[in-house]
Amino acid sequence: MLRPATQKRRSKSTFSLATAGALAALLFGLVPRAAFGQAPPGTGTDMEVDPDAPKEPPPEPPPLPPTKEGDWGVGGAEEEGKFAPQGKTGALKREQEEKEEEGKAEDLRALPPRDAGLDVVIGFGKIRDVRNNSNPTSATVASFVPFFEWRVSEMWAFGVRLPVSTGSVDGPLGEADNYSVSALGNLEASLRATIKLKRRLRLPVSIAFTLPTGQGDMYPEQADAGAKPQALVQQAAAGSRGWEEQSLFTPRRLGIVPSVGIRYDTRDMHIAASTKLELMIRTGGGTPASETEGTIHNPALNWVTGASFFYDFLDGKVSPGLRAWLAVTTLPVSVGTSDYSGAQFVIEPDVASTIFINPNLAVRAGVGYVVPLGGHLGGTDAAFISGLRLRAGLAF
């Protein structure tokens, strides 16, 4: 009876030992994994790293989209980099900075857009009266030319001028041939375009029209006996200005005056050259009774080519310079062999001044002396006339 019981206990004991051994094996198999956090080294695992294996280059990043003008970070000065203002604001700022730098480099002291003033020439000497040609006619005359010009943009400008002359002319016939009169000249309207070729080089082109508002007539009606002295005063005024502006002082003529020039400006130096043609078309006035009494030239012509040089001292407060021109003219009237048309070379030493009161207001002044060299105004025909020029103006 004892034997079966003993076998039963042994059987239970054997089962318990086998179970405990299996659990121990399982426990010892899991301990390394828990202790080291990874599986033991082997082949074919995801975490295997071979330090001797060749390294693959990293993949290239995808290309950036193309940049466009105005995008953030595009443009600007090199020193500004990506922080340069962009878009319309950045473009305006860059344009303003470029203009400021250009202005600093050149310092042209640009005048305000409107310019008004008075150009006066006081002439004295002798002229030739083709209708009374026995001797020269003495003349003392002052011509006043008020002017206004408005530069409406960097390129375009328009202006107006209206001369008035007054003085005395003393003919060779004595007291009966002496006159003291005043005469209104021709009203001029002009349009000018200044084309910028380079930073300092500009091309001014203009067209002017003179309306026949001038007083005087070399062949007047009997009822208008004072018209001839007025014509002589106009002739003396044009002569004292060196034939540079015949269209302003030739009465009974419609003037068409195209011109073109070139101008070079630096901070202190100003060089200019120009040429113009004054085409003066007759609109009225008396006519000679015969060819021996005189010949009317229609149109009258005046071609003027000149140049100038000025140099600024004291920021333009004192600017000495020289102007010179050649005038080739066909006068309105000739009598027989007495035709005083031809070429005339003239120089004018000059001193100009520009004083800025503030950036929007400047006072301008100048003084020059008109000197004809030879020719019909310079003594070739026993007549010589010169002129003292005075200028004053206000730019605003």
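This is a chat about a predicted model of a protein, covering its confidence, one pocket and two residues.

Reader: What average pLDDT does the protein have?

Author: The average is 84, and 75% of the residues score at least 70. Keep in mind that this is a predicted model.

Reader: Over which residues does pLDDT stay under 50?

Author: Residues 1-15 are one such stretch, and there the model has 0 contacts beyond four places in sequence. Another is residues 103-107, with pLDDT below 50. That second stretch has 7 contacts in the model beyond near neighbours in sequence.

Reader: OK, pockets. What volume does the second largest pocket have?

Author: About 220 Å³. Its lining has 15 residues, and the closest to the centre are Arg131, Tyr219, Pro220, Lys228 and Glu293.

Reader: And how does that lining divide into nonpolar, polar and charged?

Author: There are 9 nonpolar, 2 polar and 4 charged residues in the lining.

Reader: Which helix gives the largest share of it?

Author: Helix α3, residues 227-240, supplies the largest share of the lining, with 3 residues.

Reader: Switching topic: where is glutamine 344 found?

Author: Glutamine 344 is in strand β14, which covers residues 342-358.

Reader: Why does glutamine 344 count as buried?

Author: Because its relative accessibility is 0%, and buried means under 20%.

Reader: So what does the side chain of glutamine 344 reach?

Author: One partner is the backbone nitrogen of leucine 377, at 2.8 Å. A polar atom of the glutamine 344 side chain also lies 2.8 Å from the backbone oxygen of glycine 374.

Reader: Which residues does glutamine 344 touch, not counting those up to four places away in sequence?

Author: Among them are Trp243, Trp325, Leu326 and Ala327. The list also includes Pro372, Leu373, Gly375, His376 and Gly378, along with Gly374 and Leu377.

Reader: Now phenylalanine 310. Is it buried or exposed?

Author: Phenylalanine 310 is buried, because its relative accessible area is 15% and the cut-off is under 20%. Phenylalanine 310 lies in strand β11, residues 300-311.

Reader: What is phenylalanine 310 in contact with, leaving aside neighbours within four places in sequence?

Author: Its contacts include Asp268, Met269 and His270. Ser319, Pro320, Gly321 and Arg323 are on the list too, as are Asp350 and Ala352.

Reader: And how many residues apart in sequence are phenylalanine 310 and alanine 272?

Author: They are 38 residues apart in sequence, while in space the C-alpha to C-alpha distance is 9.1 Å.

Definitions and conventions. Residues numbered from 1 in each chain as written. Predicted model: local features only at pLDDT ≥ 70, side-chain atom pairs only at ≥ 80, totals over all residues. Heavy atoms only, no water. pLDDT = per-residue confidence, 0-100. Contact = heavy atoms within 4.5 Å. 1 Å grid on protein atoms, 1.4 Å probe; cavity = no way out; pocket = protein on both sides within 12 Å on 5 of 7 lines; lining within 4 Å. Points joined across faces, edges and corners; volume = space filled by probe spheres on them. Helix = DSSP H or I, 4+ residues; strand = E, 2+ residues; numbered from the N terminus. Nonpolar A, V, L, I, M, F, W, Y, C, P; charged D, E, K, R; others polar. Buried < 20%, exposed > 50% of the residue type's maximum accessible area, 1.4 Å probe, protein only. Polar contact = N/O pair within 3.5 Å; in protein donor to acceptor, adjacent residues only side chain to side chain.
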